[in-house]
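Student: Please take one residue of this model and go through its surroundings closely. I would like the place in the fold, the contacts and the packing around that residue in one connected account.

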Amino acid sequence: MSGVWVFKNNGVMQLVENPGADHAEGRRGSSGSSTSKRKVLVHLPTGQVVSSYNLLDQILRNLGWERYYEGDPDLYQFHKRSSIDLISLPKDFNKFSSIYMYDIVVKNPNLFHVRDM
């Protein structure tokens, strides 16, 4: 079983086995069109939209996350000493998509939220 886990608007996850085929299908069901909305990661305590890795790095460090350098050199990674969690992000912030945003949300409950821009 391979594919991509997609979070629906109602909070339910669904495994999409062929994500490249037509990801817009899920959007058509909720909005009636196939146009995509840009997603942003919001730090809830400050209301700031995470617009760069510099800002995200600062927020995550304040939450106890540390940079992890032992993994893949093509990824920007963070870990917490108190857990087994690892956040892995593409080095290029332009590739920072909602999949990575939701990973941060899940690993930092009640501190981040993904919103349509």
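Tutor: What follows is a close look at V114 and the elements around this residue. The model is predicted, so local features need pLDDT of at least 70 and side-chain atom pairs count only at pLDDT 80 or more, while totals for chains, interfaces and linings use all residues. Residues are numbered from 1 along each chain as its sequence is written, and side-chain values use heavy atoms, with hydrogens and water left out.

V114 sits in strand 8 (residues 112-116); helices (H or I, at least four residues) and strands (E, at least two) are DSSP runs, numbered from the N terminus. With a relative accessible area of 9%, V114 is buried, where buried means under 20% relative accessible area, with a 1.4 Å probe and protein chains only.

Strand 8 belongs to an open sheet of 3 strands in the order 4-3-8, with antiparallel pairing. Strand 4 (48-49) and strand 8 are at its edges with a single partner strand each, so one side of each has no neighbour in the sheet. Two strands pair if DSSP finds at least two bridges between them; strand 3 and strand 8 have 5. One bridge joins V40 to R115 in strand 8.

Leaving aside neighbours within four places in sequence, V114 is in contact (heavy atoms within 4.5 Å) with K39, V40, L41, M101, Y102 and V105. M101 is 13 residues from V114 in sequence, and their C-alpha atoms are 6.7 Å apart.

M101 and Y102 are buried residues of helix 3, as is I104. These residues cover an arc of only 155° around the axis, which puts them on the same side of helix 3; the arc is that of the directions from the helix axis to the C-beta atoms. They pack against strand 1 (4-7), strand 3 (39-43), helix 2, strand 7 and strand 8.

L41, another contact of V114, also touches M101, I104, V105 and F112, among others. In the largest nonpolar core, of 18 residues, L41 is one of those that touch the most other members, along with L56, L89, F96, I104 and F112. Such a core is a set of buried Ala, Val, Leu, Ile, Met, Phe, Trp, Tyr and Cys residues joined through side-chain atoms within 4.5 Å. Strand 8 and helix 3 (98-107) are among the elements that give two or more residues to this core, and helix 2 gives the largest share, 5 residues.

Helix 2 lies across strand 3, strand 4 and strand 8, at about 150° to strand 8. Here axes are lines fitted to C-alpha atoms, for helices over the stretch in contact, and angles run from 0 to 180 degrees between N-to-C directions.

Conventions
Buried < 20%, exposed > 50% of the residue type's maximum accessible area, 1.4 Å probe, protein only.
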